[in-house]
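Let's take a walk through this model, one piece at a time. Have the structure open and follow along.

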Amino acid sequence: MRTRWSEVLLAVGAAVTVLLAVVVVGQSIVLIAGGTVQPAVTVASLLLVLVGLWFVLRRSGRSERLIAIIGLLLVVGVSIVFAMLTIDLSWDGNQYHKVATGALAGGWNPVWESISAWNVRPGNPVPVPEDYAIWNDHYPKASYLFASSLYQLTGTIEAGKAFNALMMFAVFALVAGYLARRIGRWPALTVALLAAVTPVTVAQVTTYYVDGMLGGLILVMVVLLTMWVDPGWEAPDWWPAVQVATLAAAIVVLVNVKFTGLVYAGLFGVVYFAWLCIRWRTLRRAALTVLATGAAALAVGLLVVGASSYVRNTVTMGNPLYPLIGGDSVDIITMNQPDSFDGLDPVSKFVLANLSAASNDSVSGPIEAVLKIPFTFTSDERGLLGAVDVRIGGYGVWFGGILIVALALGVYLLVRHARSSTAMLPAFLLPLVATAIGILIVDGSWWARYTPHLVLLPLIVLIALFATRARILAWLLAALLAVNVALIAQPHALVQVWAASPSLEEAIDEAGGCVAVYSLSNTGGVMPGMLFDVEDTAPETRFLTTEEYEDIPEDEFVSYRMVGFVELELLPDGCRTD
């Protein structure tokens with residue numbers, strides 16, 4: 001890969017990351033001022049990033065600047081169109097992710113009011129069950145802020161989940177741009193693709209789940225921080241300032257995607273900063289840069305973007321991390337783990353979860369962790385891979401075997417090359433140390449979605465194999481990772497194909513076109529997020545409250561069972577008259 005292409009990739013990857021941060025910071029400032037999410041803020045943010053991209057590459061050739069600008073616009077456009085063409089049928093997506101996004105687009109200001117207040121506001125057509133308010137009110141909202149403005153711009157709530165595809169591209173571009181100068185073109189592109197398209201991201205890219213985005217932001221942090229400890233990295237002249245801005249942007253968004261984002265941002269930052277301090281004589285400037293950048297990003301992330309979660313939680317509940325910690329916390333891990341995990345230490349849970357046959361929360365039986373022979377799988381396991389958040393074996397049916405192979409290869413590489421490559425060891429070992437500590441301290445780290453960056457372990461070994469010219473072993477490991485991801489991608493692609501026939505619009509037309517709707521889950525409970533999809537498809541639709549639905553005879557409804565959890569009850573001739 002020629003140098004100019006690696007530079008374009010670095011620039012566009014950084015621009016995507018910065019764009020996400022600028023949008024959520026801008027929208028947060030508007031909310032703090034008492035306003036509501038504004039699509040103009042997102043448009044202005046994109047224009048600002050485009051101008052910045054042009055300025056950063058001002059000393060590059062005109063063609064490179066044009067390619068970078070067009071590339072950024074294409075990435076944003078393709079991500080939005082892809083999101084619009086797919087539909088989120090997931091549990092969490094339709095229970096609270098879409099609800100928060102739709103409410104923000106509809107005028108909810110989470111800094112100053114509960115979603116319950118917005119829910120009863122006159123003129124609001126979509127009823128949200130009070131039971132779900134706890135998640136919408138208290139969870140970090142970076143993804144919702146970005147998604148809600150896309151909802152306003154496009155008129156479809158599905159467009160909002162474009163943040164997942166955008167994050168995947170940012171990871172691909174930054175990894176490829178960095179490694180192209182270190183291990184060559186095709187190895188760099190291969191590693192970048194495997195870093196972007198992981199078992200977690202490929203399962204969640206068509207949903208509002210944010211674990212893949214979380215993992216992507218961690219990988220972005222790792223790439224940026226590793227550049228400071230890699231003695232062989234030769235950065236373009238314009239990169240140092242962009243590197244700092246991109247790291248700050250990644251941290252701002254990371255701590256506001258999930259509460260665990262705050263843990264991971266702190267963990268990886270501290271591990272790298274500690275090493276920079278150990279090498280203070282030669283890396284003092286890098287250490288001070290990381291410290292200042294991290295402090296500034298945390299201040300903005302927690303006090304500005306986090307005003308609707310960390311700050312509001314502290315004021316209203318006396319606990320910035322409510323409802324996940326504290327005396328009145330809600331335990332969402334224990335109910336999702338096998339009974340056999342009771343009393344086990346984090347390492348034992350992690351090993352069992354990744355070396356066992358796939359198992360998931362199901363009406364057909366309890367979750368179980370049953371060890372299996374590596375690189376084998378059953379048809380039952382394959383059938384589970386279409387789920388977004390598989391509990392046991394969630395990283396894929398081959399991933400346990402891949403971990404064993406990667407561990408063996410890693411030991412081999414250390415024994416053979418450690419002495420001759422001492423200067424490079426920190427670049428390889430620091431992310432592994434941070435990941436290992438995370439497995440020990442993060443509750444639920446055994447679950448793939450709570451350690452979405454676990455792909456770092458085999459990828460670092462893969463990079464080392466390419467760097468030491470063990471090409472045959474490298475391509476074999478890459479092939480194993482690719483097949484493992486493909487086995488997960490295939491059922492998720494089929495879900496989208498099945499969901500398209502009949503489409504939601506066709507189902508409403510078949511029921512008479514003018515309907516009242518009640519959205520529920522096939523396993524019990526209400527799925528209010530789907531109501532926003534109905535609103536986008538048929539604006540005249542009337543949405544029934546639980547009380548109204550229960551008062552109407554069951555035989556008057558036309559059931560529309562969607563792929564996944566969602567089932568819509570359509571009442572012909574029941575549309576709004578206002």
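Glycine 155 comes just after α7 and takes a positive phi of about 85°. This is a predicted model, in which local features need pLDDT of at least 70, side-chain atom pairs count only at pLDDT 80 or more, and totals for chains, interfaces and linings use all residues. Residues are numbered from 1 along each chain as its sequence is written, and side-chain values use heavy atoms, with hydrogens and water left out.

Now back up into α7 itself, residues 142-154. Helices here are DSSP runs of H or I, at least four residues, numbered from the N terminus. With an expected span of 1.5 Å times one less than the number of residues, the 13 residues of α7 should cover 18 Å, and the end C-alpha atoms sit 19 Å apart, which agrees. The helix is largely enclosed by the rest of the structure, because 10 of its 13 residues are buried (under 20% relative accessible area, with a 1.4 Å probe and protein chains only). Among them are Tyr144, Leu145, Phe146 and Tyr151.

Next, zoom out. The domain assignment, automatic or from a database, gives domain 1 (3-317), domain 2 (334-494) and domain 3 (502-570). The centres of domain 2 and domain 3, taken over C-alpha atoms, are 39 Å apart.

Finally, which helix gives the most to the nonpolar patch? That's α19, with 5 residues. Isoleucine 437 lies in α19 and is partly exposed, with a relative accessible area of 31% (partly exposed runs between the 20% limit for buried and the 50% limit for exposed).

How values were computed:
Helices (H or I, at least four residues) and strands (E, at least two) are DSSP runs, numbered from the N terminus.
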